[in-house]
Amino acid sequence: MTKRIFPQIKICGLTTVDAAVQCADLGVHAIGCVFFAKSPRHLSDKMAEKICCAVRHRVETVGVFVNESLDTILQKIRDCRLSAVQLHGTESADLVQQLRDAGVPVIKALFVDGEPNLNAAGDYDPSAFLVECGKGPLPGGNAETWDWGRVKDFSTRFPCILAGGLTPDNVVEAIQRAMPSAIDVSSGVESAPGRKDLKKVELLLTRVSGIDLSPGKQKGYPIFHSAA
């Protein structure tokens, strides 16, 4: 029997240990800790370390950075026990390579309607790309839905994490249109910024687990390797 393949799930913007542990218990593959001061989900190093230690070896713990230096990122990895990083600004290909040379899995964000855009993919060599629209006041999805189908061709050529405006109500449509290897969800499973609604997380997982991408050709699947 052919094994069913469905997109992996990263829940981003965790702000409490309890929420992170409950997400791990539900079966998410990765969580995101945001290190961007303008974000309502921004964490102190101390809280990020508590969250990462609580779910270590169960899920990937991804630090989200926007245009930070190599030294700052490496220090956060050490202090907060991160297992991977997500670069969500205009970081250079050199920074991505330096992190990978240091043994760090790197997710690089690209933007359909922003910079760097999908055409820049060949300039980078990350572990995977996260793709979203790129509109709004802050780096990130800004809870805005968009034409996810614009990513479908990209996801057959590169390891792709789909983000931006995803909720339990639209996630099936988004995945069917984009065919990503993974999805990244934050505000779509919240009751308030930074406060995860675990019932929404559970519903999201239930709906995603009903999708079968096989015999699709998702590039680089699976993306997250220390998943529960």
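**Strands and helices of the barrel**

In strand β8, Ala182 is the bridge partner of Gln8. That link belongs to a set of four bridges joining β1 to β8 (residues 182–185), and the two strands run parallel. Strands here are DSSP runs of E with at least two residues, helices are runs of H or I with at least four, and both are numbered from the N terminus. Two strands pair if DSSP finds at least two bridges between them. The model is a predicted one: local features need pLDDT of at least 70, side-chain atom pairs count only at pLDDT 80 or more, and totals for chains, interfaces and linings use all residues. Residues are numbered from 1 along each chain as its sequence is written, and side-chain values use heavy atoms, with hydrogens and water left out.

β1 also has a link to β2: three bridges join these parallel strands, and Lys10 has Ala30 of β2 as its bridge partner. As for burial, β1 (residues 8–12) is mostly covered, with five of its five residues buried (under 20% relative accessible area with a 1.4 Å probe, protein chains only; exposed is over 50%, and partly exposed lies in between). Both faces of the strand are covered, with Gln8, Lys10 and Cys12 buried on one side and Ile9 and Ile11 buried on the other.

Zooming out, eight strands form a closed barrel in the order β1-β2-β3-β4-β5-β6-β7-β8, with parallel pairing. Neighbouring strands of this sheet are turned by 25 degrees against each other on average, direction ignored. Further round, β6 (residues 128–132) and β7 (residues 160–163) pair in the parallel sense over three bridges; Phe129 has Cys160 of β7 as its bridge partner.

Now for the helices. Helix α2 (residues 45–55) lies across β2 (30–35) and β3 (60–65), and runs at about 170 degrees to β2. Axes are lines fitted to C-alpha atoms, for helices over the stretch in contact, and angles run from 0 to 180 degrees between N-to-C directions.

Helix α1 (residues 17–26) meets helix α7 (residues 198–209), their axes coming within 10 Å and crossing at roughly 25 degrees. That makes α1 roughly parallel to α7, a label for angles under 35 degrees (over 145 is roughly antiparallel, 65 to 115 roughly perpendicular, the rest oblique). On the α1 side, the contact (heavy atoms within 4.5 Å) is made by Ala19, Gln22, Cys23 and Leu26, and on the α7 side by Leu198, Val201, Glu202 and Leu205.
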